[in-house]
Amino acid sequence: MSSYTPPVNYVDGTPLNQTQVIQAEKSLNDFANQQIIDTDIPDQTLSGYNLQGGSLDIIRNSYSFLTCLVAGQSQIDDIPSQSYHTSTTKNNNQSASIEWQDISGSGVTITMPQNGEVIIHYYLHAYTPDNSVVAGNEGLGNGKWNNEVRLKVFTHSNNTDSIKSGTSTFCFEGTGGALDSKDPDAGDVQASYRSQMLTFRVNLTRGQYTFMATANPHSEAVLYTAKSTMVEAFYV
Amino acid sequence: MSKVKGSKLKEGDIPTAADLNEIYTQVSGMDIDDTNTTDNWAHQHHFENVPKRINEIYSLTYTTGSWNTSSTTFLPVFSQTLSCPVTADASDWVLRVSWDALTGGLEVGVDEDLDGLYGFRIKVGFSSGLTTYIAPAVYSFTCRSLKTAYPNLTLNAIQWKSCAGSEAFAVPRGESLSYIELEAAVSNTSNALNVDRINITAVLGRK
C-alpha cells in the first residue's frame with residue numbers, strides 16, 4: 001500500500017543490527033494490521049465482482065442489491081382485475097367520516113435492514129360508472145362527486161398507517177350539478193375514466209413497510225385497477 | 001492473489017541487502033485492486049453514507065396554493081427549484097428523474113389542433129451553465145386534439161388530471177450537477193394551465 005515507508009534500508013557490507021531488524025519487522029507488522037483506509041484503494045481499480053451479490057425474494061417479488069432494494073408488482077400485461085369501492089357517505093365537501101379503502105393489488109411490502117430513502121411509483125386506472133341513483137342523492141341529481149386516491153404507508157412494527165398529503169389524484173362520478181368542491185368540467189368519459197400516476201419519496205428507519213394506494217370514494221361505484229407499483233429503497 | 005511474495009531464503013543462505021529489503025519494498029509499493037481482492041467481499045456496511053454516496057436521492061413536493069400560466073415559454077412550476085449540488089468526480093453518473101403533477105381548474109379559449117395543448121418537461125442545470133431537458137409530457141386541454149369542428153363538442157377542459165413523466169440521462173463526465181426544475185407551458189396564450197401540486201424524485205447514481 002502506497003502509504004507505507006520502510007524505516008530501515010539494509011546495505012551490503014553493513015552488519016545486521018538487532019534493533020534495526022526488530023524495528024523493521026515491527027513497522028511492517030503494525031502497518032499490515034492497521035485498518036484499510038480510503039487512500040489505500042485507488043480509483044477505478046475494483047470490479048463489480050468484488051461487490052456483495054444480490055438476492056431475490058420470490059415471495060415479496062423484491063431484489064436486494066448492495067446499494068438498494070427494488071420491489072414491485074405489475075399487471076400491465078395481465079387481464080385487468082378491478083377492485084370495487086363505494087362511498088361510505090355522500091356530503092358536499094366531505095371532510096368528516098372519511099374512510100380510506102385500500103386498492104387491491106397495489107400493495108408492495110419491503111423489509112429494510114437499515115435506515116434508507118424510499119421512492120415509490122405507482123400507476124393506476126380508475127373508472128366511475130355514472131351514478132344511476134338520482135333520487136338517492138337527496139334529490140340533487142348526478143353530481144361531481146370526486147373519488148380521491150392517496151399513497152398509504154403502513155408500518156408493521158407499530159401497526160400504524162400514514163396517508164401522505166401531496167399524493168392526491170382524482171376521478172369523478174360525473175359532470176352534473178356542482179355538489180363537490182372539485183369540478184372535472186369535461187364530459188362524463190373524461191371525468192370518470194382516468195389514469196393516475198404518482199412518484200413520491202419518504203425517509204424510513206429500519207423495519208418492514210407496506211406501500212399501497214388507498215381510495216376515499218364518494219361514488220356509488222368506482223373501479224380501480226392497480227397497473228404497476230415500484231418501490232426502491234436506497235441505503236448507500 | 002497476493003502481491004507480497006514470500007521469502008526466497010533457506011537455511012545456510014547468506015542474504016544480501018536486496019534480499020532483506022525486498023519484502024519492505026513490496027509492501028510500500030502495494031495497492032489494493034481487483035487482483036488481490038476476493039469476489040463478494042464488499043458489503044453494504046463497508047461503504048460510507050456521507051459525504052459521497054453511491055446513490056444521491058433528491059425530492060420535491062409542493063402543494064401550497066395553485067400555480068397558473070398562460071405563457072408559451074416554459075416556466076418553473078410554482079417557481080420551485082430542487083437544489084442538488086453535486087461536484088463532478090472520477091466516476092460516471094446516471095441521473096434518473098421522475099415527476100408527477102395534478103392539474104386544477106383550467107381555462108380554454110382555443111383548443112383546435114396544436115393550440116389546445118400544454119406540456120411539462122424537466123430542466124437539469126449544471127454548475128457550468130449547461131442545461132438539458134428531459135422527461136417531457138404533452139397533454140390536450142380538451143378531448144379534441146385535431147383541427148376539426150366535428151363532432152361538435154363543448155370546449156370543456158379536462159380538469160384535476162394526473163400528469164407524469166420519467167427519464168434516465170447519462171450526465172456528461174466532468175459536469176457538476178446544480179438543480180432540477182419541472183417546467184410547464186401552454187401552446188396558445190388564450191388558454192390557462194392551473195397546477196394544484198407537483199412531485200419530483202431524482203436518483204443520481206455513480207458507476
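The following paragraphs describe a predicted model, beginning with the form of chain B and continuing with the contact between chains A and B, the salt bridges and a few individual residues of chain A.

In chain B, the secondary structure amounts to one helix and ten strands, and the order of these elements along the sequence is α-β-β-β-β-β-β-β-β-β-β. The radius of gyration of chain B is 29 Å, whereas the globule rule gives 17 Å for 207 residues, and because the value found is well over the value from the rule, the chain is described as more spread out than a compact globule. The box that the C-alpha atoms of chain B fill, when taken along the principal axes, is roughly 105 × 30 × 30 Å. Of the 207 residues in chain B, 45% are buried. When contacts in chain B with a separation of 6 or more are considered, 79% of them are accounted for by residues that stand 24 or more positions apart. The accessible surface of this chain is about 10,100 Å², and carbon and sulfur atoms contribute 52% of that area.

Chain A and chain B meet in a contact to which chain A gives 61 residues and chain B gives 55 residues. Between them, the two chains bury about 4,900 Å², and 56% of this buried area lies on carbon and sulfur atoms. The number of salt bridges counted between chain A and chain B is one. This salt bridge joins the side chains of E232(A) and R96(B), with a distance of 2.5 Å from N to O.

Over all chains, a search of the whole structure finds twelve salt bridges. Within chain B, one of them is formed by E56(B) and R206(B), whose closest N and O atoms are 3.4 Å apart. This pair links distant parts of the chain, given that E56(B) belongs to strand β1 (residues 55-62) of chain B and R206(B) to strand β10 (residues 193-206) of chain B, with 150 residues separating the two. Residues under 20% relative accessible area are classed as buried, and E56(B), with a relative accessible area of 12%, is therefore buried. R206(B) also counts as buried, because its relative accessibility is 17%.

Within chain A, E148(A) and R150(A) form a salt bridge in which the closest N and O atoms are 2.9 Å apart. The two partners fall into separate classes of exposure: E148(A) counts as buried at 11% relative accessibility, while R150(A), at 22%, counts as partly exposed. A further salt bridge in chain A connects K152(A) with D161(A), and here the closest N and O atoms are 3.5 Å apart. K152(A) counts as buried at 7% relative accessibility, whereas D161(A), at 45%, counts as partly exposed. These two residues also belong to a network of salt bridges, in which D102(A), K152(A) and D161(A) are linked.

Two residues in strands of chain A illustrate buried positions and their surroundings. G116(A) is placed in strand β7 (residues 116-127) of chain A, and its relative accessible area of 12% is the reason why it is classed as buried. When neighbours within four places in sequence are left aside, G116(A) is in contact with V202(A), N203(A), L204(A), F234(A) and Y235(A). The C-alpha atom of G116(A) is separated by 8.0 Å from that of V236(A), although the two residues are 120 residues apart along the chain. T155(A), for its part, is found in strand β8 (residues 146-155) of chain A, and at 16% relative accessibility it counts as buried. With neighbours within four places in sequence again set aside, the residues in contact with T155(A) are T160(A), Q208(A) and Y209(A).

An exposed position is provided by L56(A), which lies in strand β1 (residues 55-57) of chain A. The cut-off for an exposed residue is over 50% relative accessible area, and L56(A), with a relative accessibility of 54%, therefore counts as exposed. Together with I58(A), Y63(A) and F65(A), L56(A) forms a nonpolar patch on the surface, and the accessible area of these residues together is about 420 Å².

Technical notes
Residues are numbered from 1 along each chain as its sequence is written. Chains are lettered from A and ligands numbered from 1 in the order in which they are written. This is a predicted model: local features need pLDDT of at least 70, side-chain atom pairs count only at pLDDT 80 or more; totals for chains, interfaces and linings use all residues. Side-chain values use heavy atoms; hydrogens and water are left out. Patches are made of residues with over 30% relative accessible area and no salt bridge: like charges are joined within 9 Å, nonpolar side chains (Val, Leu, Ile, Met, Phe, Trp, Tyr) within 5 Å. Accessible areas come from the Shrake-Rupley method with a 1.4 Å probe; for residues, only the protein chains shown count as cover. A salt bridge is a side-chain nitrogen of Lys or Arg within 4 Å of a carboxyl oxygen of Asp or Glu. Helices (H or I, at least four residues) and strands (E, at least two) are DSSP runs, numbered from the N terminus. Buried means under 20% relative accessible area, exposed over 50%, partly exposed in between (1.4 Å probe, protein chains only). The radius of gyration is taken over C-alpha atoms; the globule rule is 2.2 Å times the number of residues to the power 0.38. Contact means heavy atoms within 4.5 Å. Buried area is the accessible area (1.4 Å probe) that two parts lose on being put together, summed over both.
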